[in-house]
Amino acid sequence: MTYEPTLASLNAHPVPQWYDDAKFGIFIHWGMWAIPAFAGSSGSIGEIFRDHFDKAVAMTPYTEWYENAIKVPGTPSAKFHAEMYGNMPYSDFRDPFLETIDQWDPDAWADQFARAGAKYVVLVTKHHDGFCLWPSDVKNPKRDNWYSRRDIVGELGEAVRARGMRYGLYYSGGIDWSFNPKPLRTLGEFISSAPRGKYPAYATAQVRELIERYRPSILWNDISWPTPLAPQLQLFADYYNEIDDGVVNDRWMPQSWKTALMRLPPVRRSFDRAVRKRMQSESASKGITPPKPPHFDFQTPEYATFSDIAQNKWEATRGMSHSFGFNRNDTDADYLSAEEIVHGFADAVSKNGNLLLNVGPRGDNGTIPKEQTTRLDAFGNWITRNSQGVYGTRPWTRAEGKAIADGETLDVRFTCTDTALYAHVLSATRPQQLTISDLPVTADTHINLLGHGPVQWQGNATSVTLTLPAKTDADPAWTLAIPHPAT
């Protein structure tokens, strides 16, 4: 199909089957911020916006926002930077980062991601600091040589694809501090700071260069897009016509009269007041769910999830700790456990989502920290044993269920294929007997415990009680396969 630069044509673009089947991807945030590798340990992004709204953007737990954070007096990052580096500008981290790049091993990363069971990888090619991880021919008019001499984007792409994984590219389209260096404190200041002038043409040219040179399966833009809708639609049409099974995320809100109004201080202050009031009344655990732009293929809630099966395909996007970039302050206790990662993954898949789990490599040697690789290995072991109930599945008629074992209630998440229902029991323990209600069984149904084989059961479609084998592994969850015709 040939796509035209119209919403009618682009919105007919289907989510490609490979993306819906993949379920699990790896996000990579690696840049100059990994040299200082600092953000104040102040909680989650949701808690920061709830409790410190007037400086939330500068107090974010994201180390990749370090350049902005050190510009705002009184923030933990500003204090740290003054103590460690004095008045050194952020741009001086470029040379030590380039030295680290010289010793980087893309094959080691790709091997790690493949062992973890990832089906795709998304690399941050340019974050908010504007530094590019490829030798771009589109030169930054504000900062000379603001790119990597080594082609990180290209080399990682070769390594990832050689191991059978898809390759996607992230680009910070809405923010670039090399073009707009003004310190940002509030959400209103942040979302209204998309650079103007030469920046829209620069960003468009760079994304087109990424498409032409690296042919990404995913275009993952962040924050917003600096052009109006019409040129954006042309970019999408050209991308789909070039990459016939490509997919784009939802962070492409184009510039319009509404975004222009946000540049007016009274409008921005009114917006901030309204958002502050809402955030203070909501649960901080909700994270961030971007607004829907005119066109997208999948949504990207950040440190957030959905409560039920979503109509639109989506992707749970998060780091293993409160930051995407590596944070020197993080201890093992600051990271999600392998059990929490598996449970969050099963929850997302049951509700029509994927999981894009981030790694933040170190700035001193380009390796992925042990706290992260240990969790990736544990996740990979689990998904290998339970892959049948994950890859290529779709949501069932309901996402959630409950099981009863020894008087304890356990959470269950469901996935299905055309031939089987899978019940993922979210528990690291496995009781001798388990009762689940409302399963599609008949007298001759054979229920299997993935990784073990058939299990005995009794009951009917109203209530099924299973007798389970003794637990001999360390899996944080386990999966029952129930053959059935898809409903």
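**Exercise 1. Find which residue the side chain of arginine 143 joins in a polar contact, and describe the surroundings of arginine 143.**

*Step 1.* Start with the pair itself: the side chains of arginine 143 and glutamate 67 are joined by a polar contact of 2.9 Å. A polar contact is a pair of N or O atoms within 3.5 Å; within protein, one must be able to donate a hydrogen and the other to accept it, and residues adjacent in sequence count only if both atoms are side-chain atoms.

*Step 2.* Place arginine 143 in the fold: it sits in the loop between β2 (120-126) and α8. Helices (H or I, at least four residues) and strands (E, at least two) are DSSP runs, numbered from the N terminus.

*Step 3.* List the neighbours. Leaving aside residues up to four places away in sequence, arginine 143 touches Glu67, Asp129, Trp177 and Ser178, where contact means heavy atoms within 4.5 Å.

A word on the model before going on: it is predicted, so local features need pLDDT of at least 70 and side-chain atom pairs count only at pLDDT 80 or more, while totals for chains, interfaces and linings use all residues. Residues are numbered from 1 along each chain as its sequence is written, and side-chain values use heavy atoms, with hydrogens and water left out.

**Exercise 2. Work out how many salt bridges there are, and where lysine 313 and aspartate 20 lie.**

*Step 1.* Set the rule: a salt bridge is a side-chain nitrogen of Lys or Arg within 4 Å of a carboxyl oxygen of Asp or Glu. By this rule the count is 29 salt bridges.

*Step 2.* Look at one pair. Lysine 313 and aspartate 20 meet through their side chains in a salt bridge (2.8 Å, N to O). This pair links distant parts of the chain, 293 residues apart: lysine 313 is in the loop between α13 (265-281) and β6 (314-318), and aspartate 20 is in helix α2 (residues 17-22).

*Step 3.* Check the burial. Both lysine 313 and aspartate 20 are buried; buried means under 20% relative accessible area, exposed over 50%, and partly exposed in between (1.4 Å probe, protein chains only).

*Step 4.* Widen the view: a network of salt bridges links Asp20, Asp21, Lys23, Lys313 and Arg394.

**Exercise 3. Decide whether aspartate 107 and arginine 163 are buried or partly exposed, and what their salt bridge ties together.**

*Step 1.* The side chains of aspartate 107 and arginine 163 form a salt bridge of 3.2 Å, N to O.

*Step 2.* Aspartate 107 belongs to helix α7 (residues 106-115) and arginine 163 to the loop between α8 (152-162) and β3 (166-172), so the pair ties together parts that are 56 residues apart in sequence.

*Step 3.* Aspartate 107 is partly exposed, with a relative accessible area of 36%, and arginine 163 is partly exposed at 29%.

**Exercise 4. Give the strand order of the sheet, and say which strands stand at the edges.**

*Step 1.* Seven strands make an open sheet in the order β5-β4-β3-β2-β1-β7-β6, with parallel pairing. Two strands pair if DSSP finds at least two bridges between them.

*Step 2.* At the edges stand β5 (247-248) and β6, each with a single partner strand, so one side of each has no neighbour in the sheet.

*Step 3.* Take β6 as the example: five bridges join β6 to strand β7 (residues 353-359), and the two run parallel. Tryptophan 314 has glycine 353 of β7 as its bridge partner.

**Exercise 5. Explore the region around α14: which residues does serine 350 touch, and what is the phi of asparagine 352?**

*Step 1.* Serine 350 is in helix α14 and counts as buried, at 0% relative accessibility.

*Step 2.* A polar atom of the serine 350 side chain lies 2.8 Å from the backbone oxygen of aspartate 347. The side chain of aspartate 347 also meets that of lysine 351 in a salt bridge (2.7 Å, N to O), and both aspartate 347 and lysine 351 are buried.

*Step 3.* Apart from residues up to four places away in sequence, serine 350 touches Ile309, Pro395, Ala399, Arg413, Phe414 and Thr415.

*Step 4.* Asparagine 352 follows in the loop between α14 (338-350) and β7. Asparagine 352 has a positive phi of about 80° although it is not a glycine, and it is buried at 12% relative accessible area.
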